[in-house]
Amino acid sequence: MSPESHDVEIESPSPASLLREQAILTIRNSLRTGQQQMADWQSGPLAVSAVPGAGKSTGMAAGAAIAIARQYYHLANTSHPQKHRQLVVVTFTRSAAANIKAKIRQYLREDLSLPQTGFAVHTLHGLALNIANRHPDLSGLELENVTLITPNQSHRFIRTAVEQWISQHPGEYSQLLSGMQFDGEETERLRRQSVLRTEVLPDLASTVIHEAKSSGMLPTDLQQLSNYVTDEYAILRIAAGLYVEYENLMRSQDFIDYDDMILAALRVLDNPNARKIEQNQVFAVFEDEAQDSSPLQTKLLEILATEVEGNNSYQPQINLVRVGDPNQAINSTFTPADPIYFREFCQHCHRQGKLATMDRAGRSTKIVIDAANFVLAWVNNSYGKQKQTPLHSSNSSIPPVSPFRAQKIHPVAPDDPQPDANPQPVSRGLELHQPSDTYHTVEILGNRIVELFSQDGSETVNAAILVRENRQGKWLSEALRPICKQHEIILYDVGEQERHSHVPEEILILLQFCDRPHSPDYLKAALGVMVQRRLIEPQDLNALATLPEEFLYPSPLAAPQPEPIQKAARLCRSLLRARLELPLYQLISFLGLALNYDQAELATADKLAERVNQQIAGGISMGAILNTLSDIVSSERFEPVETGNLEAKYTNPGQLTIITMHKAKGLDWDYVFIPFLHESLIPGRFWVPPQSQFLGNFTLSEVARAQIRAALHEEANLPHVAEAWEGAKYLKTAEEYRLLYVAMTRAKRLLWMSAAKKAPFTWSKPDNLQEQAPCPVFPALKLQFPGCVYK
């Protein structure tokens, strides 16, 4: 064979490579236009702005699988050996991480016939922890010596920081006590002390510390900012002092919070050698739910995605794909997430021709799409241009940010591969009601639900009632349960099912039994868990627990135990055997299996084990585990992990689900009911609790948050108290309307909305009905869609 013919043979594509390219093309052709832009990505930045129901998770999974395949093929066709790099996929929650991982694996396995490797899926904090853990000398985190906490307003560290600040700043504290006016009366002084110590200052501390820390601001930065704004309380100076006390406490006791993970990872990446090591392990980063990222999280991903080899340009290339929807940013008023950063990324990519818009969605029938688009436009027209907000004032180079990005939803093409895309509406597809009161609401709502679930084929459809707050859901559940029972409609109240996570408490009960098996109380509690989990039959637990030794280890002379008791004893002995044979750090996961937990519960048990092991690393013992678990169960909120299977519980066919608007994000139902659309809740009022109104008609925490964000947005002048409070109200209004938009776009075939003329002033007293104004967009919807108004 001649050298020439040899060269030609190498350049010709092999049958295997042709098959691979055909497989990639097949995946690509199954996607919509916006999704195809993710599949076509090969390098550089790419912003993907996706409307609700556009299929961004499917597009991201397909794009990720194709990118992994191209990396495999590149390595296979390279003559000199190269280190295999991986794609890093970052999601917002553990459940989203599990779902996207399963989709990518499916594409690799079934469509591309490739190993299910070459990628890693993390939450942002999980990614940061991995980086910090690989370089403990640079990160400053010795995980075996530190304890991870999730500080909230009631956490003991926050409370202690407040008390220490008060003792060291008597003058500033006295100014707060005096408030707007004070006559010195002793009872009032004691009342104000209680409000400041237990409510106002803990709220300020938890809000500001998280907001500032997640943005990379130190206490000295806050102190510096306080010099540029004047108010009678010096709010930012107080916040800086609380931040100092909190950080001192954390360092003195080797505690860290989740923001410390991000900061630790960034300390690692500040080192040139470590940064190169980390970057050389990654060929690209894909981020989902990018609208919910904070500034530091964005910085971390951009550094990790920077290409360092084979690029001689002055500006290194960033291989970063960010997918999100600024119009579904519904966390920014109670977390440091700020959708302005994703908007800016979209604008930056747009200037480079690297903005993909996924504006076609097949979820909803056309009139639901029209209603959602109308709300978006109406809100922007009503709120986006009515004034310059303090956060985007006239002296700023940053234009005013409208509540929504001007991005309409469009139906998909007729040949779209999605089954039953843009389905036919039920009745008119949109129903707008204004009942006389909340009881009339239940009557109309109940009749419509019964009517829909009485139709042929109702066992294959699902429905949801979306509420703004859990108290509404609880009231509705009690009111509708008799109707649903009478007509055999399955009612699933998510708030009731998940009001408290049962996993930590059950694990603690079993571990207490394992630690002290001869305690009648601990034995009875453990048996109670087993009965509740249906592992043993219901029986007289008091009789079993009275003499633990005879129950667990009956003597040869003892009377034979009935089979139910023998089964219970065997299960208890298996737990005690595991306590002796397994390492302590594996016990929690084992107990999850022993309790026959489902996928979601096992994931929660694994998360709990991780949390406990981190907190007691370096000093592991049964006593330490029990103390940590007791603290979690008694004083700290522990969120269960939600998996795809758990979310399926919310959308089961033949079921009516009651769920909050926030929790409904990412889900959809055939019929969606949104009652109680009142101005008091959407957009709501920025309410100052009566007990703290002695400070003024604002809250310290929201004023400080608005001032910090103004600084991060590079405002020339920080807003003063009144301006900051108005700016905070504007941000809250914008987010509440985005929440309504998210709720409306959950509906596929029918969207039912109502605003009763009379409703409770507060849902803690649901029977106290008063005249209530509807949400301002509701009358506008009635005018725009008169054929959908029901008398």
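Okay, before anything else, one bit of vocabulary: when I talk about a helix axis, I mean a line fitted to C-alpha atoms, over the stretch in contact, and the angle between two axes runs from 0 to 180 degrees between N-to-C directions. Also, keep in mind that what you're looking at is a predicted model.

So let's use that straight away. Take helix α26, residues 587-594, and helix α27, residues 599-616: their axes come within 8 Å and cross at roughly 165°. Angles over 145 degrees count as roughly antiparallel, so α26 is roughly antiparallel to α27. Who does the touching? On the α26 side we have I588, S589, G592 and L593, and on the α27 side L602, A605, D606, L608, A609 and V612. As for handedness, the crossing of α26 and α27 is right-handed.

Right, on to the sheet. It's an open one with six strands, and if you walk across it you meet β3, β2, β6, β7, β1 and β8, in that order, with parallel pairing. The edges are β3 (119-123) and β8 (355-358), each of which pairs on one side only. Neighbouring strands here are turned by 15° against each other on average, ignoring direction.

Let's zoom in on the β3 edge. Strand β2, residues 86-91, runs parallel to β3, and five bridges join the two. If you want one to find on screen, go to V89: its bridge partner in β3 is V121. Then look for helix α6, residues 124-134, which lies across β2 and β3 and runs at about 110° to β3.

Next up, helix α12, residues 235-252. How far apart should its ends be? At 1.5 Å a residue, its 18 residues should span 26 Å, and the end C-alpha atoms are indeed 26 Å apart, so that agrees. This helix is mostly covered, with 13 of the 18 residues buried. Just after α12 comes D254, which takes a positive phi of about 55°.

Last stop: P336. You'll find this proline in the loop between β7 (320-324) and α16 (340-351). Buried or exposed? The relative accessible area of P336 is 8%, and buried means under 20%, so P336 counts as buried. And which residues does P336 touch, leaving out those up to four places away in sequence? They are H210, E211, S214, S294 and R709. In that same spirit, A212 is 124 residues from P336 in sequence, yet their C-alpha atoms are 8.2 Å apart in space.

That's my tour, thanks everyone.

Technical notes: Residues are numbered from 1 along each chain as its sequence is written. This is a predicted model: local features need pLDDT of at least 70, side-chain atom pairs count only at pLDDT 80 or more; totals for chains, interfaces and linings use all residues. Side-chain values use heavy atoms; hydrogens and water are left out. Two strands pair if DSSP finds at least two bridges between them. Helices (H or I, at least four residues) and strands (E, at least two) are DSSP runs, numbered from the N terminus. Contact means heavy atoms within 4.5 Å. The expected span of a helix is 1.5 Å times one less than its number of residues. Buried means under 20% relative accessible area, exposed over 50%, partly exposed in between (1.4 Å probe, protein chains only). Angles under 35 degrees count as roughly parallel, over 145 as roughly antiparallel, 65 to 115 as roughly perpendicular and the rest as oblique. A crossing is left-handed if the near helix is turned anticlockwise from the far one by less than a right angle, and right-handed if clockwise.
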